[in-house]
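Please look over the sequence and the model together before reading on. The report below is meant for a reader who has not met this structure before.

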Amino acid sequence: MTGDELLAVADAAAANAYAPYSNYHVGAAALLHDGRVFTGVNVENAAYPLGVCAERTAIAKAASEGVRPGDVEAIAITASPCGGCRQWLHEWRFERVHFRRADGTVATYGADELLPETWDLPQK
Ligand code: THU
């Protein structure tokens, strides 16, 4: 699946975002090596900091079905991933991260490029 195709899945998922506070709907779609796709949306909360980003929702859905880092190939996000999500993308070692910039163009990076020389547990 191409980055554009995966981004189209993320765009469709964004319709389910629960974002009554920011009104900013984000969708994410994570592609596994076996072809499965897990989608996610941002889920906000009246206690603002407790909201969850779309890409973390997609990863948590996959993880709770038994998916592990190494099983994932690519993720598409309808917006640029925040700093905290970059740490999650790094943890899950996505080979390709596609996201739409504010100007509408699509960026593609490896998860490692989005958070170079990040902190990590030495024994992991
Ligand atoms: N948001 C995401 O879902 N992913 C990101 O990486 C950036 C931010 C969401 C969080 C919040 O619900 C909304 O965008 C506005 O910040």
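A disulfide is counted here when a pair of cysteine sulfur atoms lies within 2.5 Å. The model is a predicted one, and by this rule it has 0 disulfides. The sulfur of Cys82 has its closest cysteine sulfur in Cys85, at 3.7 Å, and therefore the two are too far apart for a bond. Cys85 is accordingly in no disulfide. As for their surroundings, Cys82 is partly exposed, with a relative accessible area of 32%, whereas Cys85 is buried, with a relative accessible area of 0%.

Turning to the helix H1, which spans residues 3–13, one may ask which of its residues are buried. They are Gly3, Leu6, Leu7, Ala10 and Ala13. Seen down the axis of H1, these buried residues fall within an arc of 110 degrees, so they line one face of the helix. This spacing can be read against a general rule: an α-helix has 3.6 residues a turn, so residues three or four places apart point the same way. On the other side of H1, Asp4 and Ala12 are exposed. The buried residues of H1 pack against five strands, namely S1 (27–32), S2 (37–41), S3 (72–77), S4 (96–100) and S5 (106–109).

The structure also holds 1 cavity of 30 Å³ or more, and the largest cavity has a volume of about 40 Å³. Its lining is made up of Ala30, Leu32, Ala58, Ile59, Ala62, Val67, Val72, Trp92 and Phe94. The elements that give two or more residues to this lining are strand S1 and helix H2 (54–64), and the largest share, 3 residues, comes from H2. By class, the lining has 9 nonpolar residues, with no polar and no charged ones.

Finally, two residues deserve a look for their backbone angles. Most residues other than glycine have a negative phi. Arg93 and Glu117 are set out below with their values.

| Residue | Phi | Place |
|---|---|---|
| Arg93 | positive, about 55 degrees | loop between helix H3 (83–91) and S4 |
| Glu117 | positive, about 55 degrees | segment after helix H4 (111–114) |

Arg93 has this positive phi although it is not a glycine, and the same description is given for Glu117, which is likewise not a glycine. Is Glu117 buried or exposed? At 84% relative accessibility, Glu117 counts as exposed.

Methods:
Residues numbered from 1 in each chain as written. Predicted model: local features only at pLDDT ≥ 70, side-chain atom pairs only at ≥ 80, totals over all residues. Heavy atoms only, no water. Buried < 20%, exposed > 50% of the residue type's maximum accessible area, 1.4 Å probe, protein only. Helix = DSSP H or I, 4+ residues; strand = E, 2+ residues; numbered from the N terminus. Arc of directions from axis to C-beta. Contact = heavy atoms within 4.5 Å. 1 Å grid on protein atoms, 1.4 Å probe; cavity = no way out; pocket = protein on both sides within 12 Å on 5 of 7 lines; lining within 4 Å. Points joined across faces, edges and corners; volume = space filled by probe spheres on them. Nonpolar A, V, L, I, M, F, W, Y, C, P; charged D, E, K, R; others polar.
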